[in-house]
Amino acid sequence: MKILKLILATIVLTGLASCDILDSQEPQQSLPTDEVVGDASGIDNLVTGMYDGLQDPAISGGNFNVLPEIMADNVSWSGSFANYARQASKSMLPGDGQIGDWWAISYREINTANVLLDAIGEIDDPDFTEADRSLTEGEARFVRGMLYFELARVFAKPWGFTGDNSHNAVPLRVDEGVQGVEDFQNLERDDLASVYAQAEEDLQEAADLLPDEGIRSDNRATRYAALGYLKRLEMTRGNFEEAAQYADEIISSGNFSLTDNPAGPFENEFSTESIFEIIHTSQDNPGVNDGQNAFYADTDRGGRGDIQYSANYVEALNSTVTEQQQSEIEAEGYTVTDTRENLITIDNEDVNATVKFPDGVNNADNVMNLRYAAVLLSRAEALVETATDINDVPQEAYDRLNEVRTRSIVVTDEDGLPQNSVIEFEDGDFADRQEMIDAILLERRVELAFEGDRFYTLKRRGLEIDGLSPDDNSITFPIPQGEIDANPDMDQNDGY
Amino acid sequence: MLKRLALLLLSMAFALSGFAQQTVTGVVTDAQSGDPLAGVTVLVQGTTTGTSTDVEGRYEITVPEDRDVLEFSFVGFETITEEIDGRSEINITMGEDTQQLDDVVVTGYGTLSRRDITSSIGQVSPEDLGDVSLNTADEAIQGRISGVQFTSNTGALGSSSTIRIRGASSITASTSPLVVVDGIPVTNPTTGGSSSVGAGLGADTGLNPLVNLNPNDIESYEVLKDAAASAIYGSRGSNGVILITTKEGREGAQQVNIRSRAGVVQETNRYDMMNGEEFTQIWNDAGINFMENEGLGELFGVSPEQAWNDAGIQGAVFGTDFSLSEDPDDIESADWMDAVTQNGYMQETSASVSGGTERTRYYISGNYRWEEGYVRNNEQNRYSARLRVDHDLSDRVRVGVNLNPSRSDNFRVYSSNAVAAPYTFGALYYPNVPIRNDDGTLNYSVAPNANVAFSGQPVGNVEGVDVESNVTQLLGSANVEVNLTENTVFNSDFSFDLFQLQEQIRQGENTTDGSPNGQGVSSNDQYRNYNWNNTVEYANTFGDHNINALAGISLQETQNTSFSATARAFPSDRLKNISSGADINDATGTGTSFSFAGYLSRINYEFKERYQLSFTGRVDGSSRFSEENQYGFFPAVSAGWIISDEPFFGDSPAFDFLKLRASVGQTGNAEIGNFPTRGLVGYGTDYDGVPGGRVTQLENPDLKWEKTTQYDAALEFGALESRLRGTVGYYLKNTDDLLLDVPISRVNGFTSLTDNIGAVRNHGLEFELTADIFQGDFNWTSAFNISTVNNEVTRLVEGEDQIFGQNLLREGEPLGQFYLVRYAGVNPENGNAQWLTADGEVTEDYSTNDRVTVGSPFPEFFGGFSNNFAYKNLDASVFFQFSWGNDLYRSDGEFTDTNLNSLFNQSTRQNDYWTPENTDAANPRPILLTDNGSQASTRFLEDASYLRLKQASIGYTLPAELSGGADVRFFAQGMNLLTFTKDEFNGSDPEAASGGNIQSTDVFFQLPQSRSVMIGVDLTF
């Protein structure tokens, strides 16, 4: 019977162990959501996670620059990815991955913002101060406003396509964050007016709540990042009065200045010109097939070299000095160089790449999202637009434009002394406002090349993109097939 | 828990019966030779009391007084039951088994003789396989058992396989059966539909978890197909269960077996790609068409052809000159496919010693196998040893240990979905570029082409990339078995599986992934899997009633930890370790775990040895589910009726065995990750060195097991003195609460959600027939099996379609039904690709709105056909495998048959493209960087029906007078010698699969299976 007792003991032991082994397994890299959102440091972690989300190559970590750029005329696409080639040739398909990701990752981070906005209303943790609350709300509002703007400006027809902008944009989800299955909804698309209004409200709140500093010690969004996006939004909506004001607020804050040479913002992270910059370190590697650097950096620099600057761009770069200025320079015996030519490869005749983002190995170049030069040019443009005629254009408009020009275009006399005034514009140089606008847009094109600006400038100005009107169906992104397949209430854009 | 304990105690209470005894002795001899038979199992019928014969065939057994029947069984011999009838000495002669109906079949926590089985269990023993040298042990079941579809995902060495038993009954969770080696559920990390470990080097190219198991150690494979058989594995039984049992020693003289072989290995198929001249031709034509298409000739006021050949216009359009010189002197040509492949070699030697004394039995073996694959730099070395010892402490207590240390060193290749994989890259790289420079160094320039698609070149990726995966595994178990009474046995078995995969990936500075300064990845994956089974088995006979009852508890806990780090910027390719890299990053360290606790019981009841009834039940708990759904109950019942034993059946001239069996039962599937019900914030999303988290998983507490209800009926027969044996069966499997990754509106912040939605049904017929066509001097045995599978999704979320790439989930359609735009050939007028609209109109406008259901992801039927011949000392075998009516979507067609919408080399099929002179061409007009027919469509959907000569062998056994008593056999053997497919099939291998459940029929440059021929010798003394 001794052996029986032993066996009985074994059986009892197994029974006890069985309860224990079921209850003792816990996730090791994750924490329960309900605990994280109820805890001050948890909320802080989610905010950090949201910035990590902005690093995603599908959105502000890469494609917010890459996709509009390859659709416009500064670059040509020569890579092997057929979906990017379709983007470049404006024959996008709803199933193209980069379009689905732009949509999905943007909404992922909008959801993070919504979860945070819910959490700060409910949290009961003495460590979570009022200051934490307003900063967190500012961060969440900034990200949500920014992403709704970035979604609407590619998935909707241009502002003004319908008189009251009642044409379809993207669904607005602002009420509650999705944490569990019961929070799911299928939403219809909201109109463009509503989406931009929501973006404006979020960004204005963010501007009030985010720190009034030129640069934060943790390099995150400031009041000026929000103002910069508001400026962009108003330029897009053609509200030049407001755009001029937002630009002015950024300029007159005194927090920013142009770097000495045009490579400055790309050679030094968080230069004086940086208003909002997405950090990339070698730890954030988006991989060899994704992101800004992989596509722009040529193969010698570890990238794919899929994006090459176009002959058309070189032409623009060579025409920043007007014929009149050129003859003056020649008459005086001066020499002139637009130093922005140093930002494209001249060291390798086989490769036509930009060197704004040269690290194709670790992809550790930051992504420049908003910089001061763009604000100066927007200010100039908005001032011209709000003037009644060319004589009404204030001197400041010329000054802002010249500030950008003289930083890059270097004129020297025989003694090597600078003679920059030759290429400065002044009252009387332009016959009408349109001429001045054209000069500003050319400057804008050259200055902001490879930064994802050109496409949006053409689109908001109603200018042709590769011979197509911005209203053309093929200019607007298709709603991703995955969304159409999953959500029966989702309308596809015309032409897809 | 108390309730469950009570259940166990109850079953032990049966044990209170008397102990009066008698002793019987005797000798067992072989009826044919008259030699004594060692190792014959002698059992008191209706009890678990048994012994086995010694070297001289002698046995001695103590029989309780109320028992009167002894049972003598031995593998390959007919089981004999003998009434004792008061005798104290009983000598037995045993004849070789021709019926095979009394083979012992492993059933999971026990064994049964084949005639007593009332469920559907397929069996493969190594003898059935002949002399196959298996790359991985699971290949043995391929084509041998009806209802089992086995696919090696790729031809890469050690690659994972996709096994489906009776169709596919899951969408999200695994469709792989549970694999149990000697009672241990093996480490089974599942990706998509197949089990694999290690870095996926492209889709589904992880290592097979059985990579280290030595097939020569295996005694038998059993496949539990229906619910009655697999319900004993409860929540993990619904995809079927594969039981692998290793060899054990038998009492008797020591037996030594040495087997050695060597051979050559090649690929079964190779893509035929354009040479330099052909590529130059289509490239320039495509370029001219591009100029025309984009109106660029017009723009510059020249013809498209002039525009293409004008360096200035080229510069303005592309920024560089894309055109290629057509001067034959300028055109180089390289065969890259040939450059990345080679003649592979393999050799294998295994040795074993087994034997035993009256009280101790042992089996010791060692194995070394080396294979160099047909893709350069693909190599596998396996070393394994096994020690199994069983010892009788007393008449009532037995102990045993089984230890299996093993190691494999694998040099793996990127095999499919990475475009830079040598085989894929070899197919796609510019053919008009020399492989090497004049000085013998590799040529990395793409000249005369203007554009680099990827850095590196195919041979550079072969020579510059090492993927070394070392698997160190220790499988072990210790068990004790106690005869509590003459009727009751207690068994406690503790086993563990320690599995470590260490991987070093190093990509040199000139390779696609390593450019420009080299890259290295070091990773370490460890699985610790503990298993503790305690069972009590009771067997008794009361007159005409035989009862066998089993109850037990089975516990399993599996822990996994992994670490990985990447380094870039190496000073030299000669430095292999990541610490030499300047930039070490992407470091991850993770851990996870899961556990199962199962309470199982089974009762087999037999009346008059011809009416059989079996009940099985398991209560299974798992850490994977929330508290509300933590336990599930999985019952099954089955019945059998041996009609041929009925008095009314008499001595039928035709049938000598006829049995009807049927079963119904429920099983589950819990392979859905470890914590799927919890709302989780995942960490590791840092920003600028500050740690961060993100909501990575939605709370979903209602998630529960998938449940499969399966019905099974079959007729087993033996005819013409059992020279014809077979089974005809039908099964129906309804799976409900299907776990599904439901795509959801992304506006919610997530792209999909796992939920219990939907149902799927599989049903089909299975037919197996074995015939001893000739017996005597010339022996010919033929075995044939064929199965059908009808798969249908019977319910989905609110009836909505779900689309996964080219595959669809739709009510009423099979799982993963193809959903594609129909390609309608070339418009002879203008060379444009044509499509059919959903309504069947021909159009040149491609739109995904025109997708329709087309083709079939499941075969109409599949099976195998084997023939074994013997004539005197000569033997031979051939084994065919076939599948009919299933389609594959060849995604690689979107790269190789694109009319140059990309920079990739094209298949030679593309030489027949449309030009104004060649208007009835097979392929559309090529237009550079422009889609014209390359979009996803039925153009790349191909019927993958095949018949394959999977294996053939011949052997010669030395006559005894020459071999000096030893058994010496020489053999030659070939694998995958011939493959027949339909003409329309352009893929590399009709057996390819990509492993995912729904998209497994969507393949991309899968390495074809290898063809091998080897010779060897088998020595036993």
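User: How many bridges join strand 41 of chain B and strand 42 of chain B in the antiparallel sense?

Analyst: This is a predicted model, where local features need pLDDT (the predictor's confidence in each residue, from 0 to 100) of at least 70, side-chain atom pairs count only at pLDDT 80 or more, and totals for chains, interfaces and linings use all residues. Residues are numbered from 1 along each chain as its sequence is written, while chains are lettered from A and ligands numbered from 1 in the order in which they are written. Helices (H or I, at least four residues) and strands (E, at least two) are DSSP runs numbered from the N terminus, and two strands pair if DSSP finds at least two bridges between them. For strand 41 and strand 42 (residues 807-809) of chain B, the number of bridges is three.

User: Which strands stand at the edges of the open sheet 41-42-43-47 of chain B?

Analyst: Four strands of chain B form this open sheet, with antiparallel pairing. Within the sheet, Q802(B) stands opposite L809(B) of strand 42. An edge strand has a single partner strand, so one side of it is left without a neighbour in the sheet; in chain B these are strand 41 (802-804) and strand 47 (852-853).

User: Which residue of strand 32 of chain B stands opposite L31(A)?

Analyst: Strand 1 (residues 30-32) of chain A pairs with strand 32 (residues 680-683) of chain B, in the antiparallel sense and over three bridges. Opposite L31(A) stands V681(B).

User: Which strand gives the largest share of the side of chain B that touches chain A?

Analyst: Two residues are in contact if their C-beta atoms, placed from the backbone, lie within 7 Å. The contact between the chains takes 80 residues from chain A and 81 residues from chain B. Ten residues on the side of chain B come from the strand that contributes the largest share, strand 28 (residues 583-607).

User: How many residues of helix 3 of chain A are buried?

Analyst: A residue is buried if 20 or more other C-beta atoms lie within 10 Å of its own, exposed if 12 or fewer, and partly exposed in between, with C-beta atoms placed from the backbone. Helix 3 (residues 40-54) of chain A has 15 residues, and its cover includes helix 6 (97-122) and helix 7 (130-155) of chain A together with strand 33 (693-697) of chain B. Among its buried residues are G42(A), I43(A) and L54(A). The helix is mostly covered, and its buried residues number twelve.

User: Is T406(A) buried or partly exposed?

Analyst: T406(A) is found in helix 16 (residues 395-408) of chain A. Leaving aside neighbours within four places in sequence, T406(A) is in contact with N420(A), I423(A) and E424(A). Because T406(A) has 17 other C-beta atoms within 10 Å, its class is partly exposed.

User: Which two residues touch the most other members of the largest nonpolar core?

Analyst: A nonpolar core is a set of buried Ala, Val, Leu, Ile, Met, Phe, Trp, Tyr and Cys residues joined through C-beta atoms within 7 Å. A152(A) touches A169(A), V170(A), L192(A), V195(A) and Y196(A), not counting residues up to four places away in sequence. In the largest core, of 234 residues, the two that touch the most other members are A152(A) and A226(A).

User: Which helix of chain A has the lowest confidence?

Analyst: Chain A has 19 helices and seven strands, and its pLDDT averages 92, with 98% of the residues at 70 or above. Confidence in chain A is highest in helix 8 (residues 192-209), at a mean of 98. The lowest mean, 74, belongs to helix 1 (residues 2-23).

Terms used:
The expected span of a helix is 1.5 Å times one less than its number of residues.
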